[in-house]
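Please open the model in a viewer and keep the sequence panel at hand. The stops below are arranged so that each selection leads to the next.

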Amino acid sequence: MHFTDLGLAAEILRAIAEQGYDTPTPIQAQAIPVVLEGRDLMAAAQTGTGKTAGFTLPILQLLSTRNAGLSLKRFKPRCLVLVPTRELAVQVHDSVRTYGRHVRLKSTAIYGGVGMGAQLSALKSGVDIIVATPGRLLDHIEQRSADLSGIEILVLDEADRMLDMGFIRDIRRIIALLPKKKQSLLFSATFSDEIRGLANGLLTDPVSVEVARRNAPAELVSQSVYHVDRDRKRDLLIQLIDDHGWHQVLVFTRTKHGADALSDRLGKAGIRSAALHGNKSQNQRQRALDDFKRLKLNVLVATDIAARGIDIDELPHVVNYELPNVPEDYVHRIGRTGRAGSRGQAVSLVCVDEHKLLRDIEHLLKRDIEKKVQPGFEPDPSIKPQPIQKPRTGARQAPPSRSAPRNKPAHGGRPSAHAKPASHHTGQRHR
Ligand code: AMP
């Protein structure tokens, strides 16, 4: 199967070739012809499967060929992509720009945590495609800076995450403002009853496509568990990073506070590190992400929500500094590595408090994960388990993309206004 077999136009194929892709991923092979036909789509696909190009490529083609020439004059957006987080908004918008570089379509990303000014002027100048988080889009709708009455195509990307983050009411409000006649595409990693309910109300005679779930975890990711005492995890992590010369490590903690504390500690050990979570400003988060991609930082310590959708090609190492409370999140976490054909390594540091969480994860994976003990870090068998502290805002963190408190999401408040400055450590060692 080649991209040329999928019915894509020459300008789109050119952009794909420039990206260096030669074969469509399974989700692309299945979704692209369906979208080009104008059908509604319900797709089970996780990040890392190539789903973004799966909807972006055919949408660019449809918009550039249908009513060609009209789009730049009419100043009404024609396609809306809703995403859960600002990071994902930026990434999806980057993809739109990359794949759309040879077609005459304008696009913009709309998300909270930054000023309205630049977004207002982009919307005012007229765009064809809006990639937006729900909260900020509603702010624009209230201010009448976004007019959705001309939307021809709607995409809900990572719909399960949007619902987890309490966006259902916002999404329904937005959908109510769109024309009845439109093409709708829904992407979700999981299909709960709530997602099915949303899909039933939105999609007309949809084609369902599904690609292998990544919790048949990628064979390309090697997984291991280090048993270690609660209080020795930091030292073990530092030693693993040093011993193995890891230069790009995404480390997961359960709480924002834990992410800050660990990042500080790594910084003191001379490891260049930053924390990424919902209390950081948009600029801090983007800078940390950029620095991490460019290897100016070697470690990014993130919470689950903040790390959602982080798209780093060939990220070599993921460390679960603490196991997630929800076993599915383990699969999402390790799915950050071993992507697009590269090999990855996922290491979990597990203390006596987390044995049950580990069993739940192994149960979900239907296999045991290899266990290791680092010499000098053997667990002390006399240490008793302690209850695991839940993040203060509940099981999930607040959505990082809202700019103003409107209807509070079900699972917590908005990010704290008391955002601390980025703990950006530039240690002495250069890696
Ligand atoms: P996504 O699941 O959309 O987040 O994409 C995951 C990664 O795969 C991104 O880094 C894309 O650049 C990359 N990618 C998407 N489609 C292809 C393809 N056909 N061949 C190789 N890499 C791809």
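In what order do the seven strands of the open sheet with strand 7 at one end follow one another? The order is 3-4-2-5-6-1-7, and the pairing is parallel. Please bear in mind throughout that this is a predicted model.

**First stop: the sheet containing strand 1**

Select strand 3 (107-110) and strand 7, the edge strands, each of which pairs on one side only. From one strand to the next, the twist averages 15°. Towards the strand 3 end, display strand 2 (residues 79-82) and strand 4 (residues 129-132), which run parallel and are joined by four bridges. Within this pair, Val 81 of the sheet stands opposite Val 131 in strand 4.

Next, select strand 1 (residues 41-44), and add strand 6 (residues 183-188) and strand 7 (residues 207-210) in turn. Strand 1 and strand 6 run parallel, joined by four bridges; here Ala 43 has Phe 187 as its bridge partner in strand 6. Strand 1 is likewise joined to strand 7 by four bridges, again in parallel, and Ala 44 stands opposite Glu 210 in strand 7.

Now show the side chains of strand 1. In a regular strand, side chains alternate between the two faces of the sheet. Are the faces of strand 1 covered or open? Both are covered: Leu 41 and Ala 43 lie on one side, Met 42 and Ala 44 on the other, and all four are buried.

**Second stop: the nonpolar cores**

Keep Leu 41 selected and add Leu 57, Ile 59 and Leu 185. These are the residues with the most contacts inside the largest nonpolar core, which has 42 residues. Helix 3 (residues 51-65) supplies the largest share of this core, seven residues. A second, separate core has 33 residues, including Ile 141, Leu 156, Met 165 and Ile 168.

Return to Leu 57 and display its surroundings. Leaving out residues up to four places away in sequence, Leu 57 touches Phe 3, Leu 8, Ile 12, Ile 16, Ile 32 and Tyr 99.

Then move to Pro 58, which is also found in helix 3. Is Pro 58 buried or exposed? Pro 58 counts as buried because its relative accessibility is 0%, and the limit for buried is under 20%. Beyond its neighbours within four places in sequence, Pro 58 is in contact with Leu 8, Ile 32, Val 35, Leu 36 and Ala 53. Draw a distance from Pro 58 to Leu 8: the two are 50 residues apart in sequence, and their C-alpha atoms are 7.1 Å apart in space.

**Third stop: an aromatic pair**

Select Phe 55 and Phe 187. The model holds two aromatic pairs. Phe 55 and Phe 187 form a tilted pair, with 5.1 Å from centre to centre and 55° between the planes. This pair links distant parts of the chain, since Phe 55 belongs to helix 3 and Phe 187 to strand 6, 132 residues apart. Both phenylalanines, Phe 55 and Phe 187, are buried.

**Fourth stop: the sheet containing strand 8**

Move along the chain to another open sheet of seven strands, whose order is 10-11-9-12-13-8-14, with parallel pairing. Its edge strands are strand 10 (273-276) and strand 14, each pairing on one side only. The twist here averages 25° from one strand to the next.

Within this sheet, select strand 8 (residues 221-227) and strand 13 (residues 344-350), which pair in the parallel sense over seven bridges. Ser 224 has Val 347 as its bridge partner in strand 13.

Add two helices. Helix 12 (residues 256-268) lies across strand 9 (249-252), strand 10 and strand 11 (299-302), and runs at about 175° to strand 10. Helix 15 (residues 327-334) lies across strand 8, strand 9, strand 12 (317-320) and strand 13, at about 155° to strand 12.

**Last stop: two single sites**

Select Lys 233 and Tyr 321: Lys 233 lies over the face of Tyr 321, at 5.8 Å from the ring centre. Finally, select Gly 376, in the segment after strand 14 (370-372). Gly 376 counts as partly exposed because its relative accessibility is 45%. Between the C-alpha atoms of Gly 376 and Val 228, the separation is 9.8 Å, with these positions 148 residues apart along the chain.

Terms used: Residues numbered from 1 in each chain as written. Predicted model: local features only at pLDDT ≥ 70, side-chain atom pairs only at ≥ 80, totals over all residues. Heavy atoms only, no water. Core = buried A, V, L, I, M, F, W, Y, C linked by side-chain atoms within 4.5 Å. Buried < 20%, exposed > 50% of the residue type's maximum accessible area, 1.4 Å probe, protein only. Contact = heavy atoms within 4.5 Å. Pairing = 2+ DSSP bridges. Phe/Tyr/Trp six-rings, centres within 6.5 Å; stacked < 30°, edge-to-face > 60°. Lys NZ or Arg CZ within 6 Å of the ring centre and 35° of its normal. Axes fitted to C-alpha atoms, helices over the stretch in contact; angles between N-to-C directions.
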